[in-house]
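User: I'm new to this structure and would like to understand the labels people attach to its parts. Could you walk me through them?

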Amino acid sequence: MISSILVVGGTASLPDFIPRLCDDLTEALQTDTPRDRTMSLAQWKKRNQEPYRELYGLQSKVAILNHPKPVNSRSGTAPRWTPSLMAWVGGSLAGYVFLFVRRANS
């Protein structure tokens with residue numbers, strides 16, 4: 001799923017929101033400490049409290065489908081929407097998911 005992110009909604013139409021989101025995601029998925037470095041006792045105790053440690057190493061797989069300035073071959077493959085349509089795309093996807101879940105539970 002990390003290689004098929006679609007950013008929609010009103011906030012997505014802010015200037016440079018999608019590139020900033022992509023940069024923040026790749027930064028969050030990098031490990032802070034090299035594996036060969038010795039850890040202090042406090043760091044050793046905290047090593048299992050990192051909430052996204054299973055996702056470390058996936059930064060090269062991040063792909064935002066509607067990225068306006070794609071950084072890899074997977075990004076930027078979604079249709080180009082004008083910024084004013086981003087909120088409508090988000091609303092239509094939310095409505096579809098609601099109907100799909102409602103039918104599945106019936």
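User: Happy to start with a single residue. What makes Arg80 count as exposed?

Analyst: This is a predicted model, and in it Arg80 has a relative accessible area of 55%. Exposed means over 50%, so Arg80 with its 55% earns the word. Arg80 sits in the loop between α2 and α3.

User: Which residues does Arg80 touch, leaving out those up to four places away in sequence?

Analyst: They are His67, Pro68 and Pro70. Take Pro68: Arg80 is 12 residues from Pro68 in sequence, and their C-alpha atoms are 8.0 Å apart in space.

User: Why is His67 called buried or exposed?

Analyst: His67 has a relative accessibility of 2%. The cut-off for buried is under 20%, so His67 is buried. Like Arg80, which is in the loop between α2 and α3, His67 is found in the loop between α2 (41–46) and α3 (86–105). Beyond its neighbours within four places in sequence, His67 has contacts that include Ile18, Pro19 and Cys22, along with Ser75, Gly76 and Arg80.

User: How do you know that Asp24 and Arg20 form a salt bridge?

Analyst: Their side chains meet at 3.3 Å, N to O. The limit for a salt bridge is 4 Å, so the pair qualifies. The structure holds one salt bridge. Asp24 and Arg20 both belong to helix α1, four residues apart, which is about one turn of the helix. As general background, side chains of opposite charge can pair when their charged atoms come close.

User: What are Asp24 and Arg20 called in terms of exposure?

Analyst: Asp24 has a relative accessible area of 36%, which falls between the 20% and 50% cut-offs, so Asp24 is partly exposed. Arg20 has 55%, and because exposed means over 50%, Arg20 is exposed.

User: What makes up the largest nonpolar core?

Analyst: Eight residues make up that core: Val7, Ala12, Ile18, Cys22, Leu29, Val62, Ile64 and Met86. In general, nonpolar side chains tend to be buried together in soluble globular proteins. Leu29 gives a view of the surroundings: apart from neighbours within four places in sequence, Leu29 is in contact with Ile2, Leu55, Tyr56, Gly57, Leu58, Gln59 and Val62.

User: What is the second largest pocket like, and which residues are closest to its centre?

Analyst: That pocket has about 250 Å³ of space. It is lined by 16 residues, and Ile18, Asn66, Pro68, Trp81 and Met86 are the closest to its centre. Helix α1 (residues 17–28) gives the largest share of the lining, three residues. By class, the lining has 11 nonpolar, two polar and three charged residues.

User: What is notable about the phi of Asp16?

Analyst: Asp16 has a positive phi of about 60 degrees, although it is not a glycine. Most residues other than glycine have a negative phi. Asp16 lies in the segment before α1.

User: Finally, how many helices and strands does the chain have, and how much of the chain is buried?

Analyst: The chain has three helices and zero strands, and along the sequence the pattern reads α-α-α. Of its 106 residues, 17% count as buried. Looking at contacts between residues at least 6 apart in sequence, 62% join residues at least 24 apart.

Notes. Residues are numbered from 1 along each chain as its sequence is written. This is a predicted model: local features need pLDDT of at least 70, side-chain atom pairs count only at pLDDT 80 or more; totals for chains, interfaces and linings use all residues. Side-chain values use heavy atoms; hydrogens and water are left out. On a 1 Å grid over the protein atoms alone, a cavity is a set of points where a 1.4 Å probe fits but cannot get out, and a pocket is an open set with protein on both sides within 12 Å along at least five of seven lines; lining residues have an atom within 4 Å of a point. Grid points are joined across faces, edges and corners, and a volume is the space filled by probe spheres set on the points. Helices (H or I, at least four residues) and strands (E, at least two) are DSSP runs, numbered from the N terminus. Ala, Val, Leu, Ile, Met, Phe, Trp, Tyr, Cys and Pro count as nonpolar, Asp, Glu, Lys and Arg as charged, and the others, Gly among them, as polar. A nonpolar core is a set of buried Ala, Val, Leu, Ile, Met, Phe, Trp, Tyr and Cys residues joined through side-chain atoms within 4.5 Å. Buried means under 20% relative accessible area, exposed over 50%, partly exposed in between (1.4 Å probe, protein chains only). Contact means heavy atoms within 4.5 Å.
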